[in-house]
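The exercises below are meant for someone opening this structure for the first time. Please try each task on the model before reading the solution beneath it.

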Amino acid sequence: MAKLIISRNGQVEQQIQLTKERMTLGRHPRNDIVLSHPAVSGEHAAIVTILDDSFLEDLHSTNGTFVNGNRIGKHFLQHQDQVKMAKFQLEFVADGIRPLAAAQPVLAELSVMNGANAGKHVALTKPQTTLGRAGVQVVVIHRHPQFYTLTHTEGELAPLLNGTAVDKLSAERLCDGDVIDLSGTQLTFRVA
């Protein structure tokens with residue numbers, strides 16, 4: 001189970017296990033994680049955990065939520081991400097860190113099927129690859145040792161996977177030959 005290590009002024013104040021699917025963070029006592037400081041909004045942010053994946057969402061806080069120095073709206077949390085809310089520093093510790101199996105990791109790529117970039121290939125070698133336009137439609141392809149998943153993280157318009165809308169924040173496992181449609185741009189997922 002993933003957890004947050006919460007510090008202020010370099011001193012660890014709390015370690016919180018992410019035990020619920022949705023946990024709120026903020027100044028008000030009704031939050032799952034209470035951060036007592038005037039610069040923290042009443043309901044500042046929320047963490048949604050689905051299987052092994054956790055997503056941090058700023059709840060329109062006054063002073064913002066920052067991950068690794070960047071202000072975020074929504075963010076797919078990675079092991080040891082540094083989250084800053086007012087005077088608080090939160091370190092995300094994932095429990096899903098597993099040693100790589102002896103088998104070779106699966107490598108894959110996306111082939112652009114239409115539009116101005118038709119014929120181009122995008123190698124999926126990073127732990128996560130973000131595609132789309134902020135505020136319109138954003139997906140994250142997450143690389144696991146033996147498979148890949150697609151998650152719709154931002155935007156009202158759902159991307160399509162093989163013609164079916166992908167629910168927001170659900171991690172869909174990708175298979176060789178799957179077709180992803182991002183606002184009309186079609187990409188084919190291929191295992192190398």
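**Exercise 1. Find how many residues of domain 1 are in contact with domain 2, and describe what is buried between them.**

Solution. In this predicted model, the protein is divided into domain 1, residues 3–93, and domain 2, residues 108–191. Begin with the contacts: 7 residues of domain 1 are in contact with 8 residues of domain 2. Next take the area, which comes to about 790 Å² buried between domain 1 and domain 2, with 61% of it on carbon and sulfur atoms. On the side of domain 1, the residues that lose the most area to domain 2 are F55, K74 and F76, which together make up 55% of what that side buries. Finally, the C-alpha centres of the two domains lie 27 Å apart.

**Exercise 2. Work out the order of the strands in the open sheet of 6 strands, and state which strands stand at its edges.**

Solution. Reading across the open sheet, the order is β2-β1-β11-β10-β7-β8, and the pairing is antiparallel. The strands at the edges are β2 and β8 (residues 70–71), and because each has a single partner strand, one side of each is left without a neighbour in the sheet. Further in, β10 is joined to β11 (residues 88–93) by 4 bridges, while its antiparallel pairing with β7 (residues 66–67) extends over 2 bridges. The strands β10 and β11 also form a hairpin with 2 residues between them, and A86 in that turn has a positive phi of about 55°.

**Exercise 3. Decide which side chains of strand β10 are buried, and find the residues that stand opposite V83 and M85.**

Solution. A general point helps at the start: in a regular strand the side chains alternate between the two faces of the sheet. Strand β10, residues 82–85, shows this alternation, with V83 and M85 pointing to one face and buried, whereas Q82 and K84 point to the other face and are not buried. Now look to either side of V83, which stands opposite V67 of β7 and has L90 as its bridge partner in β11. M85, in turn, stands opposite F88 in β11.

**Exercise 4. Identify the residues that touch the most other members of the largest nonpolar core, and say which strand supplies the largest share.**

Solution. The largest nonpolar core has 22 residues, among which L4, L25 and L56 touch the most other members. At least two residues of this core come from each of β1 (3–8), β3 (22–26), β5 (45–50), β10 and β11, and the largest share, 3 residues, is supplied by β11. To see the surroundings of one member, follow L56: apart from its neighbours within four places in sequence, L56 is in contact with residues that include A45, I47, V67, V83 and M85. There is also a second, separate core, which has 16 residues and includes L110, I141, L150 and L161.

**Exercise 5. Classify E172 as buried, partly exposed or exposed, and list its contacts beyond the neighbours within four places in sequence.**

Solution. E172 lies in strand β19, residues 171–173. Its relative accessibility is 31%, and therefore E172 counts as partly exposed, since that class runs between 20% and 50%. Once neighbours within four places in sequence are left aside, E172 is in contact with Y148, T149, L150, L161 and V166. Of these contacts, L150 and L161 are also included in the second core. For a view across the model, the C-alpha atoms of E172 and A39 are separated by 37 Å, the two residues being 133 residues apart along the chain.

**Exercise 6. Locate N9 and N162, and describe the phi and the accessibility of each.**

Solution. As background, most residues other than glycine have a negative phi. N9 departs from this, with a positive phi of about 55° although it is not a glycine, and N162 likewise has a positive phi, near 55°. N9 lies in the loop between β1 and β2 (11–17), whereas N162 is found in the loop between β17 (160–161) and β18 (164–165). With a relative accessibility of 69%, N9 counts as exposed, while N162, with a relative accessible area of 44%, is partly exposed.

How values were computed
Residues are numbered from 1 along each chain as its sequence is written. This is a predicted model: local features need pLDDT of at least 70, side-chain atom pairs count only at pLDDT 80 or more; totals for chains, interfaces and linings use all residues. Side-chain values use heavy atoms; hydrogens and water are left out. Buried means under 20% relative accessible area, exposed over 50%, partly exposed in between (1.4 Å probe, protein chains only). Two strands pair if DSSP finds at least two bridges between them. A nonpolar core is a set of buried Ala, Val, Leu, Ile, Met, Phe, Trp, Tyr and Cys residues joined through side-chain atoms within 4.5 Å. Contact means heavy atoms within 4.5 Å. Domain bounds come from an automatic or database domain assignment. Buried area is the accessible area (1.4 Å probe) that two parts lose on being put together, summed over both.
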